[in-house]
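Please open the model in your viewer and keep the sequence beside it, since this tour moves from one selection to the next and says what is found at each stop.

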Amino acid sequence: MEDTQFSLSLTPRFCETDALGHINNTVIPVWFEAAREPIFEIVNPGQDLAKWNMIIAGFTIAFNAPTFYGKEVTVKTHISRVGNSSFEIAQSCWQNGRQTAEAKTTMVHYNYQTEKSQPMSDEVKAQLAALTGEIE
């Protein structure tokens, strides 16, 4: 993820630790979701929940090293794939120059009334593609 498009810095809270002083493995996916907000803004400007148009189709995470309490963490986010009605977000968690976790999330542009995926507009696809470095 050398060409990171978005970055979120945070300081782990004591309540996010486990008994060994590591950040609990349930916390990092929450950080990844928080770091996806700029992407959500592209697909659903204003992030109006009454008009929400995304659903998670899949999520994978790998924990590469412990993340610790009391030291700043940076979550890096970019788009790794853009399709017609879905896209993939690649993210990584960094602490002290070391990658501690990485994830891929597949998001689907979704109509909750019809309960079906729907194509994204050309404008949204172009904005997402710009974050991958792909040329339309």
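Begin by selecting Ser85, which sits in the loop between strand S3 (73–82) and strand S4, where helices (H or I, at least four residues) and strands (E, at least two) are DSSP runs numbered from the N terminus. Before going further, note that this is a predicted model, in which local features need pLDDT of at least 70 and side-chain atom pairs count only at pLDDT 80 or more, while totals for chains, interfaces and linings use all residues. Residues are numbered from 1 along each chain as its sequence is written, and side-chain values use heavy atoms, with hydrogens and water left out.

**The loop between S3 and S4**

With Ser85 still selected, is this residue buried or exposed? Ser85 has a relative accessible area of 19% and is therefore buried, given that buried means under 20% relative accessible area, exposed means over 50%, and partly exposed lies in between (1.4 Å probe, protein chains only). If you show what surrounds Ser85 and leave aside its neighbours within four places in sequence, you will find it in contact with Met107, Val108, His109, Ser117, Gln118, Pro119 and Met120, contact being defined as heavy atoms within 4.5 Å.

Step back to Asn84, which lies in the loop between S3 and S4 as well, and which is partly exposed because its relative accessible area is 46%. Not counting residues within four places in sequence, Asn84 is in contact with Pro119, Met120 and Lys125. Then move to Ser86, which belongs to strand S4 and is buried, with a relative accessible area of 16%. Apart from residues up to four places away in sequence, Ser86 touches Arg81, Met107, Val108 and Met120.

Now add Arg98 to the selection and draw two distances between C-alpha atoms. From Ser86 to Arg98, 12 residues apart along the chain, the separation is 30 Å, and from Asn84 to Arg98, 14 residues apart along the chain, it is 34 Å.

**Two loop residues with positive phi**

Follow the chain to Asn96, whose place is in the loop between strand S4 (86–95) and strand S5 (98–111). Asn96 has a phi near 55°, a positive value in a residue other than glycine, and at 64% relative accessibility this residue counts as exposed. Next select Glu115, in the loop between S5 and strand S6 (116–117). What is the sign of phi at Glu115? Phi of Glu115 is positive, at about 55°, although Glu115 is not a glycine, and the residue is exposed, with a relative accessible area of 61%.

**Helices H1 and H3**

Select helix H1 (residues 28–35) and colour its buried residues, which are Ile28, Trp31, Phe32 and Ala35. Seen down the axis of H1, these buried residues fall within an arc of 100°, so they line one face of the helix; the arc is that of the directions from the helix axis to the C-beta atoms. The buried residues of H1 pack against strand S1 (6–10), helix H2 (37–43), strand S2 (54–63), S3, S4 and S5.

Turn then to helix H3 (residues 122–130), where Val124, Lys125, Leu128 and Ala129 are buried. They cover an arc of only 135° around the axis, which puts them on the same side of H3. On the other side of H3, Asp122, Glu123 and Ala130 are exposed. The buried residues of H3 pack against H2, S3 and S4.

**The whole chain**

Finally, show the whole protein chain, which holds 3 helices and 6 strands and whose elements run β-α-α-β-β-β-β-β-α from the N terminus on. The C-alpha trace spans about 45 × 35 × 25 Å along its principal axes. The radius of gyration, taken over C-alpha atoms, is 16 Å, which agrees with the value near 14 Å for a compact globule of 136 residues, by a globule rule of 2.2 Å times the number of residues to the power 0.38. Of the 136 residues, 38% count as buried. Among contacts between residues at least 6 apart in sequence, 63% join residues at least 24 apart.
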